[in-house]
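This report covers the packing of one protein chain. It starts with the nonpolar interior, then turns to single residues and the surface.

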Amino acid sequence: MEDTNKILPENTLPKEPSRLWKVITLAVASFLLQSLTWYMLHLALAINPSAMKWVWAAVVAALAISVTTFFMLVNKSWRMGAALIILSSLVYFLISPRNLYVWIGGIIFCIFGLWYEQRVWRESKSRVDFSVTQVISGGVSILLYGIMLLLGFNIYYNVSADFKANPDKYYERLGQQAAKTIPYFTKAIVPEGVSLNDSFAVLVNNEAQKRPEYKYASPFEREVLVNEARAALENQFQITAANDETLADIVAQVAVNKIRQIIDPYQNYLPVIFAILITGLLYTFAFLIRWLILIISWLLFRLLLFVGFFKLEKVQVVVQKLGI
């Protein structure tokens, strides 16, 4: 015989009033925290997004996942667990914009949530000795994938709507990044001896002075040569620039024009590209959320164990061993 630590008797909803109210408390706390998570995500996605809103959304989501997992472990009715996930998804649908892609993200997350519930059950049953961190770590990746897909569809909706309202903002972003990373734009505009911090007037004068007749021209003739150089540069790069505008801004403007010419036939795909890039960037931080979930779960479990909300029971189990 071997001893095993487990939370509550297996596969039975607690019948004692003290245990029943604990299950109900976890269910209510889980529902409220999940609802708060959807609200925090709505703020981070749609209303003045900021880094701190994403951080708070991650913390609330980690706490919601921890409490929900505890409820799944002590609640032995899979129907109640499924009902909690579905009710939470309904809150998501009520808070989120009325859009097909946003709803698809919610449906996908609901499916992954039900999958996570089954994974937690199997993980807790397959372990001889209970460990809250190992039970959660065994299936939390499923829930994180569901969250990333949900965010991806939401980000696509937001980017698509914003792109239709203001496409120039996205072309400018692409142009600025291209100007920083692709030397072609700087070499094509800025000659040797001229800095990106110089004004457009410096570049115009530099081009005018390259003409042989400039050296012997009168002030009026030099002014004509400068104007001709300005018109030639603006025509060559298809830009309109003020004299005090820096060459860095000119390079970005040229990059925007070039990128617009290349991408314009495929602009309908830009929201998808931006959504994938942003979601991919968020996924790189998924391991931090995973560790945050495990840390919060361990601390919360120890706290609830200390105050007597949970208890570890020693039970006898029968195991099979090979003999002859």
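The model is predicted. Its largest nonpolar core holds 59 residues, and L26, F70, Y116, L151 and F310 touch the most other members. Eight names cover the elements that give two or more residues to this core: α1 (17-46), α2 (51-74), α3 (78-95), α4 (100-126), α5 (132-137), α6, α12 (270-283) and α13. Helix α6 gives the most, with 12 residues.

Take L26 as a way into this core. Neighbours within four places in sequence aside, L26 is in contact with V67, F70, F71 and V74. L26 also contacts F309 and F310. F310 is itself among the core members that touch the most others.

There is also a second, separate core. It has 6 residues, including A208, L225, V226 and A229.

**Three residues compared**

The table lists three residues with their helices and relative accessibility.

| Residue | Helix | Relative accessibility | Class |
|---|---|---|---|
| L84 | α3 | 7% | buried |
| N154 | α6 (residues 140-165) | 6% | buried |
| I295 | α13 | 46% | partly exposed |

Why does N154 count as buried? Its relative accessibility is 6%, and buried means under 20%, so N154 falls in that class. The side chain of N154 has a polar partner: a polar contact of 2.9 Å joins it to the side chain of Y92. Beyond four places in sequence, N154 is in contact with L45, Y92 and V102.

L84 sits in helix α3. At 7% relative accessibility, L84 counts as buried because the cut-off is under 20%. Residues up to four places away in sequence aside, L84 touches A27, S30, F31, Q34, T68 and F71. L84 and F71 are 13 residues apart along the chain, and their C-alpha atoms are separated by 9.8 Å. F71 is a contact of L26 as well.

**The surface**

Which residues form the nonpolar patch on the surface? They are L281, F285, F287, L288, W291, I295, W298 and L299. Together they have about 870 Å² of accessible area. Helix α13 (residues 286-306) gives the most to this patch, with 6 residues.

I295 belongs to the patch and lies in helix α13. Its relative accessibility is 46%, between the 20% and 50% limits, so I295 counts as partly exposed. Helix α13 thus appears twice in this report: it gives two or more residues to the largest core, and it gives 6 residues to the surface patch.

Notes:
Residues numbered from 1 in each chain as written. Predicted model: local features only at pLDDT ≥ 70, side-chain atom pairs only at ≥ 80, totals over all residues. Heavy atoms only, no water. Helix = DSSP H or I, 4+ residues; strand = E, 2+ residues; numbered from the N terminus. Buried < 20%, exposed > 50% of the residue type's maximum accessible area, 1.4 Å probe, protein only. Polar contact = N/O pair within 3.5 Å; in protein donor to acceptor, adjacent residues only side chain to side chain. Contact = heavy atoms within 4.5 Å. Patch = residues over 30% accessible without salt bridge, like charges linked within 9 Å, V, L, I, M, F, W, Y side chains within 5 Å. Areas by Shrake-Rupley, 256 points an atom, 1.4 Å probe, with all protein chains shown as cover. Salt bridge = Lys/Arg side-chain N within 4 Å of Asp/Glu carboxyl O. Core = buried A, V, L, I, M, F, W, Y, C linked by side-chain atoms within 4.5 Å.
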